[in-house]
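Student: Could we go through this structure together, a few spots at a time?
Tutor: Gladly; let us have it on screen before we start.
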Amino acid sequence: IDPHWLDQEVSSGESGDRGVKGPSYDIAERDLSDVMREKVASVDWGKKKSQAIARYWEKQKFIALERATEHNIHYLDPSVYVTSDIKDATGGIIVKKGSVINPLKLMPFTQALVVFDPLDKERLPLVLNRFNQLKKTHNRVTLIATQMDTVDGWTKYKSLSDLFQEHIFKLTPDVYSRFQLKRTPSIITANSQQFI
């Protein structure tokens with residue numbers, strides 16, 4: 001019951017069992033690891049998984065875009081201005097401050113992105129047709145949905161992916177802002193200097 005005594009024992013080089021130096025009692029609480037094991041074993045993980053899958057679509061946040069009413073093309077220059085020298089591990093300058101770098105000149109963008117609203121049933125045949133055309137001219141065509149039917153979402157997703165015979169991705173805030181998307185459907189491609 002005296003922690004100073006224990007400190008003195010350790011300081012003087014003593015180790016091992018030092019004997020009982022005060023009243024002792026049986027531990028009343030159950031071993032926490034036993035309680036945790038029992039808790040984990042009692043969980044119906046199959047049911048938890050099913051519930052999580054069922055709730056997935058309810059929790060999704062979508063970026064709905066307005067429907068395009070006219071054909072429009074805009075160009076986006078992805079060039080970046082280097083504000084300070086970029087150096088390698090040894091201090092050598094890789095890119096000087098003041099340089100302008102266009103990533104499309106370094107690595108071509110050979111795919112196409114098709115951003116569309118699957119809930120716009122009237123436009124779906126148009127999107128499917130354009131998707132099939134793009135597959136003939138691009139290495140990869142990625143389908144991106146602005147929103148999905150959240151009622152029976154997995155069934156609707158499967159039906160949509162079966163229609164295109166491709167996976168459908170959700171429009172993320174990063175893609176939305178990077179390509180300055182405003183309307184749907186939108187198709188994103190690139191030339192050697194700009195996104196189109």
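Tutor: A word on terms before the end segment comes up: strands here are DSSP runs of E with at least two residues, numbered from the N terminus. Please also keep in mind that this is a predicted model.
Student: Okay, so where does T189 lie?
Tutor: T189 is located in the segment that follows β10, the strand spanning 186–188.
Student: Is T189 buried or exposed, and why?
Tutor: T189 counts as buried because its relative accessibility is 15%, and the cut-off for buried is under 20%.
Student: And what is T189 in contact with?
Tutor: Setting aside neighbours within four places in sequence, T189 contacts F109, Q111, A112, H138, Q194, F195 and I196.
Student: Switching topic, where is D117 found?
Tutor: D117 sits in the loop that connects β6 (112–116) with α5 (124–137).
Student: Which side chain of opposite charge is nearest to D117?
Tutor: That is R67, at 7.4 Å, and D117, although buried, has no salt bridge. A polar atom of the D117 side chain does, however, lie 2.8 Å from the backbone nitrogen of L119, and, beyond residues up to four places away in sequence, D117 touches T146, Q147 and T184.
Student: What about the largest pocket, how much space lies in there?
Tutor: The largest pocket holds about 880 Å³, and of its 29 lining residues, H71, N72, P185, S186 and I187 are the closest to the centre.
Student: Which element gives the largest share of that lining?
Tutor: That is α5, with 5 residues, while α5 and β10 each supply at least two.

Conventions. Residues numbered from 1 in each chain as written. Predicted model: local features only at pLDDT ≥ 70, side-chain atom pairs only at ≥ 80, totals over all residues. Heavy atoms only, no water. Helix = DSSP H or I, 4+ residues; strand = E, 2+ residues; numbered from the N terminus. Buried < 20%, exposed > 50% of the residue type's maximum accessible area, 1.4 Å probe, protein only. Lys, Arg positive; Asp, Glu negative; His and termini not counted. Salt bridge = Lys/Arg side-chain N within 4 Å of Asp/Glu carboxyl O. Polar contact = N/O pair within 3.5 Å; in protein donor to acceptor, adjacent residues only side chain to side chain. Contact = heavy atoms within 4.5 Å. 1 Å grid on protein atoms, 1.4 Å probe; cavity = no way out; pocket = protein on both sides within 12 Å on 5 of 7 lines; lining within 4 Å. Points joined across faces, edges and corners; volume = space filled by probe spheres on them.
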